[in-house]
Structure formats: structure tokens, C-alpha cells
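Colleague: I would like to go through this structure and ask how each label is justified.
Modeller: Go ahead, and I will set each value against its cut-off.

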Amino acid sequence: MTLLLCAPLLSACNTTESVQPIPGSITYGGQPHMKLTKSPPGSQFQHHFTNQWGQDVIETYIVQPDRSVKLVNRQEMSPPD
């Protein structure tokens, strides 16, 4: 009986929140029109841009099996003084 009560709680621990696109992200507003045909699925790449507050942003993407890209990480750095 205890296992039945704990199973939903344990499964909730395995969920991860996805990183949502922001203005400047490759996937902001949807997937890009062009597919990455030469990049193998599972490969990663980074995109560097400056957000609307002047922060440097580095995002990491993974190429999916259908050649779409998935945003998996974002690092924001403070602007220089």
C-alpha cells in the first residue's frame, strides 16, 4: 500500500522544467524555418546574443531526431561596468 501512495510522488521528482525561449533565442516564436541537415541528431551547439537588458546570453541547443532544435540551457552574464 505504501508503494502505491509513494509512486506518484517519485514520478514527480523525475520531471524537469524546460528552458523557455526569450527574445533573441533561436526558437523564440517557434522552430526556425531551416532544418539542420548536416548536424547529427544529439549534437549540441551554442548561440550567443545580447538580451534587451544588455546581458550576454549563451544558450545551448540539442539537435533532435527530426532535425528540429531543443533549447536545453541558458546562461546570462551581467553587462560589463
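Colleague: What does the accessible surface of the protein chain come to, and what share of it belongs to carbon and sulfur atoms?
Modeller: This is a predicted model. The accessible surface of the chain comes to about 6300 Å², and carbon and sulfur atoms hold 58% of that. Of the 81 residues, 16% count as buried.

Colleague: How many helices and strands are there, and in what order do they run?
Modeller: The chain has one helix and three strands. Starting at the N terminus, the order is α-β-β-β.

Colleague: What makes the three strands a sheet?
Modeller: Two strands pair if at least two bridges are found between them. β1 and β2 are joined by seven bridges, and β2 and β3 by eight, so both pairs meet the cut-off of at least two. The result is an open sheet in the order β1-β2-β3, with antiparallel pairing.

Colleague: Why does one side of β1 and of β3 have no neighbour in the sheet?
Modeller: Both β1 (44-50) and β3 stand at the edges with a single partner strand each, so one side of each is left free of a neighbour in the sheet. From one strand to the next, the twist averages 20 degrees.

Colleague: Which residues stand opposite one another in these pairings?
Modeller: Between β1 and β2, Gln46 has Thr60 as its bridge partner, and Thr50 is opposite Asp56. On the other side of β2, Ile62 is opposite Lys70 in β3.

Colleague: Why is Glu59 called buried?
Modeller: The cut-off for buried is under 20% relative accessible area. Glu59 has 0%, so the residue counts as buried. Glu59 belongs to strand β2 (residues 56-63). Leaving out residues up to four places away in sequence, Glu59 touches several others, including Ile22, Phe45, His47, Leu71 and Arg74.

Colleague: How do you know that Glu59 makes a polar contact with Tyr61?
Modeller: The limit is 3.5 Å between N or O atoms, one able to donate a hydrogen and the other to accept it. The side chains of Glu59 and Tyr61 make such a contact at 2.6 Å, which is within 3.5 Å, so the distance passes. Tyr61 is also buried, because its relative accessible area is 0%.

Colleague: What makes the rings of Phe45 and Tyr61 a stacked pair?
Modeller: A search of the whole structure finds one aromatic pair. The ring centres of Phe45 and Tyr61 are 5.4 Å apart and the planes are at 15 degrees, so the pair is stacked. The cut-offs are centres within 6.5 Å and planes under 30 degrees apart.

Colleague: Which parts does this aromatic pair tie together?
Modeller: Phe45 lies in β1 and Tyr61 in β2, so the pair ties together parts that are 16 residues apart in sequence. Phe45 has 26% relative accessibility and therefore counts as partly exposed.

Colleague: Is Ser78 buried or exposed?
Modeller: Exposed means over 50%. Ser78 stands at 61%, so the label is exposed. Ser78 is in the segment after β3 (69-77). Its C-alpha atom is 7.8 Å from that of Gly54, a residue 24 places away along the chain.

Colleague: Why is Val72 called partly exposed?
Modeller: Partly exposed covers the range between 20% and 50%. Val72 has 34%, so it is placed in that range. Val72 lies in β3, and among its contacts beyond four places in sequence are Val19 and Tyr61.

Colleague: What is notable about the phi of Arg67?
Modeller: Most residues other than glycine have a negative phi. Arg67 has a positive one, near 75 degrees, and is not glycine. Arg67 sits in the hairpin of β2 and β3, which has five residues between the strands. With a relative accessible area of 27%, Arg67 is partly exposed.

Colleague: Which residue takes a positive phi in the hairpin of β1 and β2?
Modeller: There, Gly54 has a positive phi near 85 degrees, and this hairpin has five residues between its strands.

Note on methods: Residues are numbered from 1 along each chain as its sequence is written. This is a predicted model: local features need pLDDT of at least 70, side-chain atom pairs count only at pLDDT 80 or more; totals for chains, interfaces and linings use all residues. Side-chain values use heavy atoms; hydrogens and water are left out. Helices (H or I, at least four residues) and strands (E, at least two) are DSSP runs, numbered from the N terminus. Buried means under 20% relative accessible area, exposed over 50%, partly exposed in between (1.4 Å probe, protein chains only). Contact means heavy atoms within 4.5 Å. Axes are lines fitted to C-alpha atoms, for helices over the stretch in contact, and angles run from 0 to 180 degrees between N-to-C directions. Rings of Phe, Tyr and Trp (its six-membered ring) pair if their centres lie within 6.5 Å; planes under 30 degrees apart count as stacked, over 60 as edge-to-face and the rest as tilted. Accessible areas come from the Shrake-Rupley method with a 1.4 Å probe; for residues, only the protein chains shown count as cover.
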